[in-house]
Amino acid sequence: MKLRIKFSKHGVLKFIGHLDVMRYFQKAIRRAGIDIAYSTGFSPHQIMSFAAPLGVGLESNGEYMDIEVHSLTSSQQLIDALNAQMVEGIRVLEAKLLPEDAGNAMASVYAARYAIRFREGCAPAFLNRATIADFYSQPEIIVTKKTKRSETTFDMKPHIFECALSQDEQTVLLTVDASSSGNIKPALVMHAYYEKNGGVLDEFALLITREDTYMNAGDETTPKLEPLGFIGSDYE
Amino acid sequence: MRNLALSDEILLQVEKPARYIGNEVNSVIKDSSAVDVRFAMCFPDVYEIGMSHLGIQIIYDMLNQFEDTWCERVYSPWPDLDSIMRKEGIPLFALESQDPVRDFDFLGITIQYELCYTNILQVLDLSGIPFLATERTWAHPIVIGGGPCTYNPEPIADFFDMFYIGEGETQYRPLLDLYKECRRQGLSRTAFLEQAAKLPGIYVPQLYETAYHEDGTIASFAPKLAGIPATITKELVTDLSRTYYPLKPVVPFIKCTQDRVVLEIQRGCIRGCRFCQAGQLYRPVRERDAQMLKETALQMLDNTGHEEISLSSLSSSDYSQLEELVSFLIDSCRERKVNISLPSLRIDAFSLEVMEKVQDIKKSSLTFAPEAGSQRLRDVINKGLTEEVILKGAALAFRGGWNRVKLYFMLGLPTETEEDIRGIAELANKIAAVYYEVLPREQRNGRVQIVASTSFFIPKPFTPFQWAPQCTREAFIEKAYMTKRAVSEQLNQKSIKYNWHEADASVMEGVLARGDRRLCKPILAAYQKGCIFDAWGEYYKHDVWMETFAECGVDIAFYTTRERGLDEIFPWDFLDCGVSKAFLKKEWQNALDGKVTPNCRVQCNACGAAQFGCGVCTEPHTQTEDDTL
Ligand code: SF4
Ligand code: SF4
């Protein structure tokens with residue numbers, strides 16, 4: 001049986017990289033005594049997959065991982081058992097039982113929503129609702145992606161699903177493609193926004209929180225974003 | 001939310017910020033205002049190395065069991081952070097509270113290898129603690145050193161307020177009580193040090209003085225004050241089954257050298273290999289009870305969630321309840337899907353059976369440590385492993401499906417000749433030949449792979465070879481080339497790979513290993529010229545060290561290649577590790593005569609460690625002959 005677990009990551013945990021968070025959960029699952037399934041072979045591994053890696057320095061309210069278990073207690077019990085093993089900065093929020101035919105977490109990722117705030121005194125002078133709207137209403141947003149060998153340009157616009165400013169005008173809300181093929185880093189969008197307004201972004205100015213990670217519950221032409229836990233259900 | 005000593009800006013700039021944030025599972029947080037003693041325990045190397053050290057975990061756990069004490073951890077900031085801290089004037093901090101080390105009552109430093117001496121100075125420097133103990137006041141922590149290098153603490157004597165000689169479990173409580181009492185009475189720091197010097201195992205270097213002969217050797221070494229002991233005997237735990245052991249060790253976020261539960265099954269070693277310092281320092285061998293180990297293993301697995309467990313000790317095959325313990329672990333670990341990482345075991349039917357159960361044969365290899373290439377030289381070093389035993393073991397393993405062999409040797413051992421060196425290549429060749437002999441072509445699993453590695457022998461204090469001259473760097477390199485040539489002349493040379501360690505650091509290590517107090521200045525000078533992380537090849541600055549030695553008038557040959565006289569007073573002679581100098585002298589003579597000395601289970605050789613009245617010294621001698629090589 002497959003479970004989809006949602007967790008948040010804050011505070012000093014933002015300095016722990018993706019692979020180390022996986023290792024952390026493997027050990028936490030053992031300490032919590034969860035009846036997880038293992039691969040076979042000389043060094044059995046827990047059957048576990050993470051949705052979308054979160055970069056070092058980012059916080060999150062919506063991380064997901066799938067695990068396979070042999071027996072079920074209840075969503076709440078599993079959440080409590082894991083939370084009893086968590087360190088400060090990381091909390092388990094949901095545990096949903098997935099239908100048999102659910103795709104794995106990583107392959108299901110379609111988009112992610114980010115809340116981008118600015119460090120003390122780092123918000124650009126041009127930050128307001130009008131410049132954000134101007135930026136997002138461009139027919140195309142061309143950026144250059146540099147790799148070791150080449151530079152390619154591409155249009156980011158179709159991969160941005162939302163770009164807005166919060167009520168208090170302090171936070172940029174951004175929903176972008178997070179699929180393995182088209183993943184957009186929020187900082188890349190911010191670079192383009194700065195450039196359009198004649199500024200230069202120092203990424204350190206940004207405080208980024210991933211608010212949630214989404215799957216596409218619609219189809220290719222009319223996507224419908226739903227949190228990754230949407231296809232699962234609480235269990236008793 | 002926890003406050004960190006470093007800003008986000010710094011943490012996002014440095015490599016592996018997780019080294020500096022604490023917050024790991026099982027790390028201990030206390031209320032600093034509710035404890036009397038704040039203890040910073042430091043391993044002067046990078047986090048991933050320091051976190052893997054069992055000794056620190058034991059002391060950390062023990063000190064935190066004391067209600068009046070909060071023990072926290074400190075590691076060396078990696079050079080990237082080091083330069084930021086210097087530039088911005090950020091003081092070194094402990095991981096748990098993130099408070100500056102300078103404000104602690106004690107700074108404990110474990111000293112595991114000579115190449116970390118400059119890192120000790122880095123820790124003092126970044127903490128804002130004066131390098132010299134005599135310049136410290138109550139505004140600074142008491143700096144206390146422990147670990148194997150304290151068996152010759154003299155080259156770093158000036159930097160420490162005190163050294164703790166021996167195993168940490170026994171004297172910390174009395175030491176902390178004395179500290180609290182002295183502070184309560186408002187005594188001076190010096191008065192406290194003088195009283196501490198009277199506790200068993202505690203050495204306060206500034207209370208002793210050395211006089212030298214004209215030739216540079218020591219004329220005398222004695223306490224400056226009446227009532228301060230002239231000899232300091234090491235501390236040890238007599239019953240290892242009833243003492244502290246960390247049931248909830250800290251679980252790091254990032255991958256460390258030891259990312260597993262470590263079960264120490266015994267301390268000490270019954271074998272007296274004459275080059276081996278650990279074999280002498282930790283005498284007598286004391287085992288932990290298998291029942292205690294089983295219970296401990298399960299609790300540690302439950303409390304950490306580690307997916308691997310390893311056994312730790314010297315010469316693990318000599319642990320008398322090994323079969324019982326290992327079969328228990330195999331059963332309970334299979335159930336829990338925990339891997340067992342085996343220590344290197346003597347190759348026989350039992351160990352092969354165990355290895356087959358816990359490792360993938362295709363990926364694992366056999367390990368032999370003959371240490372010397374010829375039987376003659378193995379007798380000199382008292383390494384009982386014979387060629388016959390190695391070839392038999394290899395044949396058995398090849399039939400069982402193994403085809404990789406690792407061999408460990410030392411170059412530069414006393415009395416070594418070209419023939420002994422050729423013996424390394426010849427032994428490797430014979431092992432390869434056995435493979436082709438015992439396995440018909442169709443049963444072979446590819447070519448046999450033999451990796452022979454050599455390290456350079458550096459004479460260490462408290463070994464029978466403490467009198468021996470060390471080779472020069474040029475001689476070491478010549479010997480390595482000789483080995484390489486000999487390997488290339490073997491019939492099966494295509495199956496043999498030869499590796500050797502760098503010779504550069506061996507000179508410096510040799511100077512420090514048998515050095516005296518006069519080296520404190522050059523070590524400090526080398527640090528001030530930028531030497532740090534000497535144990536890391538990419539940071540080791542050979543030229544700077546050699547230049548500093550020359551500038552400070554250090555005669556390298558005096559410390560390394562000189563043959564020491566039998567009556568010479570050594571800088572470490574005032575310490576008693578249990579083994580007497582008379583015994584070591586006799587063993588040095590036996591070595592030169594090529595005479596083998598039986599192990600402690602066959603026969604007691606009256607080394608002196610029986611004074612502790614525990615372990616193997618109090619057991620009947622059960623083995624009639626050394627059939628367990
Ligand atoms: S077997 Fe020899 S080399 Fe190994 S620990 Fe014992 S004395 Fe040292
Ligand atoms: S006193 Fe005898 S039995 Fe005890 S450690 Fe020494 S040699 Fe071994």
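## A nonpolar patch on the surface

Ile477(B), Tyr481(B) and Trp500(B) together make a nonpolar surface patch of about 270 Å². This is a predicted model, so please read every value here as computed from predicted coordinates. Within the patch, Trp500(B) belongs to strand S18 of chain B, which covers residues 496-500. Is Trp500(B) buried, exposed or partly exposed? Its relative accessibility is 35%, so Trp500(B) counts as partly exposed.

## The surroundings of the two ligands

Let us turn to the ligands. Around ligand 1 you will find four residues from the stretch that opens the list, Cys269(B), Arg271(B), Cys273(B) and Phe275(B), followed by Cys276(B), Gly279(B), Leu314(B), Ser315(B) and Lys383(B). Sorted by class, this shell has five nonpolar, two polar and two charged residues.

Ligand 2 is surrounded by Arg283(B) and Pro284(B), together with Cys600(B), Cys604(B), Asn605(B), Ala606(B), Cys607(B), Ala609(B), Ala610(B) and Cys617(B). Here the classes come to eight nonpolar residues, one polar and one charged.

## Cysteines without a partner

How many disulfides does a search of the whole structure find? The count over all chains is zero. Cys149(B) is one example of a cysteine in no disulfide: its nearest cysteine sulfur belongs to Cys116(B) and is 6.1 Å away. With a relative accessible area of 7%, Cys149(B) is buried.

Cys552(B) offers a second example. Why does Cys552(B) have no bond to the closest cysteine sulfur? That sulfur, in Cys531(B), is 11 Å from the sulfur of Cys552(B), which is too far for a bond. As for its setting, Cys552(B) counts as partly exposed because its relative accessibility is 37%.

## Salt bridges across the chain and within a helix

Over all chains, the count of salt bridges comes to 62. One of them joins Arg267(B) to Glu169(B), with the closest N and O atoms 2.7 Å apart. This pair links distant parts of the chain, as its members are 98 residues apart: Arg267(B) sits in strand S11 (residues 266-267) of chain B, and Glu169(B) in the loop between strand S5 (162-164) and helix H6 (172-184) of chain B. Both Arg267(B) and Glu169(B) are buried.

Arg184(B) and Glu181(B) give a local example, a salt bridge whose closest N and O atoms are 2.7 Å apart. Where do these two lie? Both are in helix H6 of chain B, three residues apart, or about one turn of the helix. Arg184(B) counts as exposed, at 63% relative accessibility, whereas Glu181(B) is partly exposed, with a relative accessible area of 31%.

## A long-range pair and a network

Glu287(B) and Arg601(B) also meet through their side chains, in a salt bridge of 3.0 Å from N to O. Their positions in the chain are 314 residues apart, with Glu287(B) in strand S12 (residues 286-287) of chain B and Arg601(B) in the segment after helix H20 (581-592) of chain B, so the pair links distant parts of the chain. Glu287(B) counts as buried at 18% relative accessibility, and Arg601(B) is buried too, with a relative accessible area of 8%. Elsewhere, salt bridges that share partners form one network of Asp20(A), Arg23(A) and Lys27(A) with Lys255(B), Asp259(B) and Glu307(B).

## Backbone points to check on screen

As background, most peptide bonds are trans, and most residues other than glycine have a negative phi. The peptide bond from Arg283(B) to Pro284(B) is cis, with omega near -10°. Pro284(B) is found in the loop between helix H8 (277-281) and S12 of chain B, and both Arg283(B) and Pro284(B) are among the residues around ligand 2.

Which phi value does Asn382(B) have? Its phi is near 65°, a positive value in a residue other than glycine. Asn382(B) lies in the loop between helix H12 (375-380) and helix H13 (387-399) of chain B, and counts as buried at 7% relative accessibility. Phe533(B), likewise not a glycine, has a positive phi of about 50°. To find Phe533(B), look in the loop between helix H17 (520-528) and helix H18 (542-551) of chain B. At 1% relative accessibility, Phe533(B) counts as buried, because buried means under 20% relative accessible area.

How values were computed
Residues are numbered from 1 along each chain as its sequence is written. Chains are lettered from A and ligands numbered from 1 in the order in which they are written. This is a predicted model: local features need pLDDT of at least 70, side-chain atom pairs count only at pLDDT 80 or more; totals for chains, interfaces and linings use all residues. Side-chain values use heavy atoms; hydrogens and water are left out. A residue is near a molecule or strand if one of its heavy atoms lies within 4 Å of it. Ala, Val, Leu, Ile, Met, Phe, Trp, Tyr, Cys and Pro count as nonpolar, Asp, Glu, Lys and Arg as charged, and the others, Gly among them, as polar. Patches are made of residues with over 30% relative accessible area and no salt bridge: like charges are joined within 9 Å, nonpolar side chains (Val, Leu, Ile, Met, Phe, Trp, Tyr) within 5 Å. Accessible areas come from the Shrake-Rupley method with a 1.4 Å probe; for residues, only the protein chains shown count as cover. A salt bridge is a side-chain nitrogen of Lys or Arg within 4 Å of a carboxyl oxygen of Asp or Glu. Helices (H or I, at least four residues) and strands (E, at least two) are DSSP runs, numbered from the N terminus. Buried means under 20% relative accessible area, exposed over 50%, partly exposed in between (1.4 Å probe, protein chains only). A disulfide is a pair of cysteine sulfur atoms within 2.5 Å.
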